[in-house]
Amino acid sequence: TTKQLLVSEKLAAVGEIAAGIAHEINNPMTVIQGNLDLIRSEIGPQAEDLKTEFRLIDEQVHSVFLIVNKLLQFTRPDEYAGEVESHHPDEVIEDSIPLVQHLLNKVDIDLYLRLNATRYLGINRTELQQVLINLIVNAIHAMPDGGDLLLRADDMDREGKPGVQIVVQDSGDGMEADVLARVFDPFFTTKQGEGTGLGLSISRKIVLRYGGHMYADSTPGTGTRFTIWLPQEGT
Ligand code: ADP
């Protein structure tokens, strides 16, 4: 509908503004850092007396750069130009697990792996891992008292095209229809003060950029299933 279109345009605009702000911050920060280095070399031996002060400024400058980079990465996922290589989806899924193991250990979650894909994907490994980790972390958040987490990968054709389907399914809180309808909107979060609401919108953008599909099913009180489909490498 027109209203939905307006809302999504508005959200896209928010992302654009955030990216714009990040660029605006980058420029003066570069000047600050450059002049800091200049002052340090100009004052020569005296710089030693101000060692602590210089270190503090350096650290803070560095942390502003980190924040800006994060913001840019989050708001511009369609422009990421990482290396695209041939990867086996089962392996990428398996290698994602150690990265979230500490979260799985905290609550009583049983992990089930059904990894049966044989086809390869032409993707950037880090990006697919980012998508998987977003989904797994969300699933863990939805199961504060524990539960089952299922990760599946299967060869699957879609509209006559060969590909791989990846499913991340939890037995957690689930979502009401009004929440489910908005999960892929940028900045939509129900985790007040703790969520950015960017994880799923970025994940979906990444999957779409590879010509894939991503959607969610959920039943309140029963759990949620996220399904990703990605085309086979070279198709
Ligand atoms: P964030 O996790 O920072 O809130 P996301 O974009 O990853 O941002 O998720 C948006 C919202 O979607 C979450 O705040 C939550 O309400 C809902 N959500 C995502 N995954 C699940 C899940 N597995 N179970 C229940 N709700 C979920």
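Two strands pair if DSSP finds at least two bridges between them. Helices (H or I, at least four residues) and strands (E, at least two) are DSSP runs, numbered from the N terminus. The model on screen is predicted: local features need pLDDT of at least 70, side-chain atom pairs count only at pLDDT 80 or more, and totals for chains, interfaces and linings use all residues. Residues are numbered from 1 along each chain as its sequence is written.

**Stop 1: the whole chain.** Show the protein as a cartoon. There are 6 helices and 7 strands, and from the N terminus on they run α-α-β-α-β-β-α-β-β-α-α-β-β.

**Stop 2: the sheet.** Select E2, E4, E5, E7 and E6. These 5 strands form an open sheet in the order E2-E4-E5-E7-E6, with mixed pairing. Strand E2 (109–115) and strand E6 (213–219) are at the edges with a single partner strand each, so one side of each has no neighbour in the sheet. From one strand to the next, the twist averages 15°. (Axes are lines fitted to C-alpha atoms, for helices over the stretch in contact, and angles run from 0 to 180 degrees between N-to-C directions.)

Zoom in on E6 and E7. They pair in the antiparallel sense over 7 bridges. Thr219 stands opposite Gly223 in E7.

**Stop 3: helices on the sheet.** Add H3, which packs on the sheet and touches E2, E4 and E5; its direction makes about 175° with that of E2. Then add H6, which packs on the sheet against E6 and E7, its direction making about 140° with that of E6. Two residues are in contact if their C-beta atoms, placed from the backbone, lie within 7 Å.

**Stop 4: the core.** A nonpolar core is a set of buried Ala, Val, Leu, Ile, Met, Phe, Trp, Tyr and Cys residues joined through C-beta atoms within 7 Å. A residue is buried if 20 or more other C-beta atoms lie within 10 Å of its own, exposed if 12 or fewer, and partly exposed in between; C-beta atoms are placed from the backbone.

Which residues touch the most other members of the largest nonpolar core? Select Leu135, Ala139, Val207, Ile228 and Leu230, out of its 30 residues. Among the elements supplying at least two residues each are helix H4 (125–141) and strand E7 (223–231). H4 gives the largest share, 7 residues. Now centre on Ile228: leaving out residues up to four places away in sequence, it touches Ile166, Val207, Gly212 and Met214.

**Stop 5: the ligand.** Of the 22 residues around the ligand (C-beta atom, placed from the backbone, within 6 Å of it), Asn138, Ala142, Thr189, Gly195 and Gly199 come nearest. H4 and H6 each supply at least two residues of this shell.
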